[in-house]
Amino acid sequence: HVQLVESGGGLVQPGGSLRLSCAASGSIFSINAMGWYRQAPGKERELVATVTSGGSTNYADSVKGRFTISRDNAKNTVYLQMNSLNPEDTAVYYCNAYIQRTGAQLYLERWGQGTLVTVSS
């Protein structure tokens, strides 16, 4: 069974930094795109950043220049380096990935359980 587990969330002061990690585990043959989404209180989940299997990245305008998404294919892990954090970044951050399980033909979307990032002084 394939699972995504996020880590690295916590409380940080405005202007600070955090690095989130999301590791995929299970019977994995390959992983296509991976990404980070977030959901602030009372708001819809929104895309933060994505990275393709080839390393191409895409960012929401609100985080462009401050956040960096990266992946380590050998570790089946995607990262989100968050710098210059502000209170508007406070949200539960979720990773997702399209994973091809061993022996399967199709990629299936999986979501992590979420990790809370709180930016406050």
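What follows is a walk through a predicted model, from one of its sheets to its core and a few ring contacts.

Start with the sheet. Strands in a sheet pair through backbone hydrogen bonds, and they can do so in parallel or antiparallel fashion. Here, four strands line up in the order β1-β3-β8-β7 to give an open sheet with antiparallel pairing. At the edges sit β1 (3–7) and β7 (67–72), each with a pairing partner on one side only. On average, neighbouring strands of this sheet are turned by 15° against each other, ignoring direction. To zoom in on one edge, β7 runs antiparallel to β8 (residues 77–82), and six bridges join the two. One residue to look for is Thr68, whose bridge partner in β8 is Gln81.

Next comes the core. The largest nonpolar core counts 31 residues, and Trp36, Leu80, Met82 and Tyr93 have the most contacts inside it. At least two residues apiece come from β3 (18–25), β4 (28–39), β5 (46–51), β7, β8, β9 (91–101) and β11 (115–119). The top contributor is β9, with five residues. Tyr93 is a handy place to look around: leaving out residues up to four places away in sequence, its contacts include Trp36, Leu80 and Met82. Also among the residues Tyr93 touches are Glu6, Leu20, Arg38, Phe67 and Val117.

Finally, the rings. A search of the whole structure turns up one aromatic pair. Arginines also sit over tyrosine faces: Arg19 lies over Tyr79, 4.2 Å from the ring centre, while Arg45 lies over the face of Tyr94, at 3.8 Å from the centre of that ring.

Notes: Residues are numbered from 1 along each chain as its sequence is written. This is a predicted model: local features need pLDDT of at least 70, side-chain atom pairs count only at pLDDT 80 or more; totals for chains, interfaces and linings use all residues. Side-chain values use heavy atoms; hydrogens and water are left out. Rings of Phe, Tyr and Trp (its six-membered ring) pair if their centres lie within 6.5 Å; planes under 30 degrees apart count as stacked, over 60 as edge-to-face and the rest as tilted. A charge sits over a ring if NZ of Lys or CZ of Arg is within 6 Å of the ring centre and within 35 degrees of the ring normal. Two strands pair if DSSP finds at least two bridges between them. Axes are lines fitted to C-alpha atoms, for helices over the stretch in contact, and angles run from 0 to 180 degrees between N-to-C directions. A nonpolar core is a set of buried Ala, Val, Leu, Ile, Met, Phe, Trp, Tyr and Cys residues joined through side-chain atoms within 4.5 Å. Buried means under 20% relative accessible area, exposed over 50%, partly exposed in between (1.4 Å probe, protein chains only). Contact means heavy atoms within 4.5 Å.
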